[in-house]
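Hi everyone, thanks for coming. Today I'd like to walk you through one protein structure, step by step. Please have a look at it first.

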Amino acid sequence: QSWPVYEEVFNKMLELAAFLELPRFPDITDSCFLHPDMLCMKYLMEANLPDELHNWTCRVVKKIGIGEADFLTLMPGNKSTRKVKYDVLAAAVIVVVLKLLFLLDDRYEWFLSDFAEERNKNNKEGGPYFEFKKWYKVIKCSLDEKQKKLDEERAKYLWRCEKPLFYSAKKKSKVLKRRQMVVTLQNQFGKLSDSVRPAEKPNPSSFQLSWSEENTDGNCFHGHSLRGILQEKCGLLTPMNPDYWLCTVKLCTEKMCGHLAHYREVEFPESYHFVLRLFSFLLRIQPSYIHDEVCVIEHKLFNKKLCKKPKYNTVLRK
């Protein structure tokens, strides 16, 4: 009677696939739902981020080669290949892109937000500029509400199966009768307390947060523009700010300590922690899992830079 941990389920899946001696899984191509480009699109929509960010996630995926079929496709029993956590990988790519564009150092993203706010006051043509500050407030309000609702549902969860279990035909009638009495009592107490019980379960959905552009409250940021933070250089759009800070300069050995990097909330900016918290809620995992993938992607992106001796022990500027 406990909620399974992500790592435990993932490792058991790999052990089971190796035990059954399953062959190589079908290739994961760019048209497959498990491909990073497809998953990034899905999580950008759910995180209420601008659609233009998808071009940047695709560029990062192509740059470091994590969209190749040989990298993504599962080969059970092959210890030489790294086992991909598809959803965690896609969330980490989005976090890296947000760091590339907004830096997430608790200063630069707010400066860009103030700049976009001033431009939006005078901008009457085209789509509005993306304001990080406004997005933060909308997401934080929705996230706190969803988290509170989830905590209440888990606290009230009844650890029993929907269909009663019985181990003999003699006990079947007793178990069914007892279950019917419980359901009847719950319905009666529900009527007395005026609590509305749902007639049936809602249809399952892979989206926990939904945002519609048709709403007039301005809480949907899908169509917002990134023009205020980009500049054209050599025919390509690049961030106006050339700086970037690394989460860790040197990766740990996963076999030694269980993680590639160590995540301590107090050591990182609040904006970075908030983005990790958002995706950890969507994936139901600890923020440290996403942080590990972010560090791996960063080291692949800035491999040449890491070969040089860093000026600082904790932060490396590009």
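**Cysteines, a core and a few loops**

Let's start with a cysteine: C32 is partly exposed, because its relative accessible area is 24%, and the cut-off for buried is under 20%. Please keep in mind that this is a predicted model.

Now take another cysteine, C295. Is C295 buried or exposed? C295 is buried, with a relative accessible area of 0%. Which cysteine has the sulfur closest to that of C295? That one is C247, and the two sulfurs are 4.6 Å apart, which is too far for a bond. As a reminder, a disulfide is a covalent bond that links the sulfur atoms of two cysteines. To count as one here, the sulfurs have to be within 2.5 Å, so the C295 and C247 pair does not qualify. And how many disulfides turn up in the whole structure? The search finds zero.

Let's step back and look at the whole chain. There are 12 helices and two strands. If you read from the N terminus, you meet eight helices in a row, then the two strands, then four more helices. The chain has 318 residues, and 38% of them count as buried. Its accessible surface is about 20700 Å², with 55% of that belonging to carbon and sulfur atoms. Here is a number about the fold: among contacts with a separation of 6 or more, 73% are between residues 24 or more positions apart.

Next, the inside. In soluble globular proteins, nonpolar side chains tend to be buried together. In this model, the largest nonpolar core has 75 residues, and the members that touch the most others are L49, L101, F102, W135, Y272, F279 and I290. Helices α1, α2, α3, α5, α6, α7, α10 and α11 each supply at least two residues of this core. Which helix gives the most? It is α5, with 15 residues. Let's zoom in on F102 from that list. Leaving out residues up to four places away in sequence, F102 touches Y108, E109, L112, F130, F132, L226 and I229.

Two of those well-connected core members, Y272 and F279, are also among the buried residues of α10, so let's turn to that helix. Helix α10 covers residues 270-283, which is 14 residues, and spans 20 Å from first C-alpha to last, close to the 20 Å expected. It is mostly covered, with 12 of the 14 residues buried. What do those buried residues pack against? They pack against α2, α5, α6, α7 and α11. Just after the helix, R284 takes a positive phi of about 60°.

Let me finish with two loops. The first is between α4 and α5, and K85 sits there. You might expect a lysine out in the open, but K85 is buried, at 14% relative accessible area. The side chain of K85 makes a polar contact of 2.4 Å with the side chain of E7. Beyond four places away in sequence, K85 touches Y6, E7 and F10.

The other loop, between α6 and α7, holds G127. This glycine counts as partly exposed, at 29% relative accessibility. G127 and S225 are 98 residues apart in sequence, while their C-alphas are 6.2 Å apart in space.

That's my tour, and I'm happy to take questions!

How values were computed. Residues are numbered from 1 along each chain as its sequence is written. This is a predicted model: local features need pLDDT of at least 70, side-chain atom pairs count only at pLDDT 80 or more; totals for chains, interfaces and linings use all residues. Side-chain values use heavy atoms; hydrogens and water are left out. Buried means under 20% relative accessible area, exposed over 50%, partly exposed in between (1.4 Å probe, protein chains only). A polar contact is a pair of N or O atoms within 3.5 Å; within protein, one must be able to donate a hydrogen and the other to accept it, and residues adjacent in sequence count only if both atoms are side-chain atoms. Contact means heavy atoms within 4.5 Å. The expected span of a helix is 1.5 Å times one less than its number of residues. Accessible areas come from the Shrake-Rupley method with a 1.4 Å probe; for residues, only the protein chains shown count as cover. A nonpolar core is a set of buried Ala, Val, Leu, Ile, Met, Phe, Trp, Tyr and Cys residues joined through side-chain atoms within 4.5 Å.
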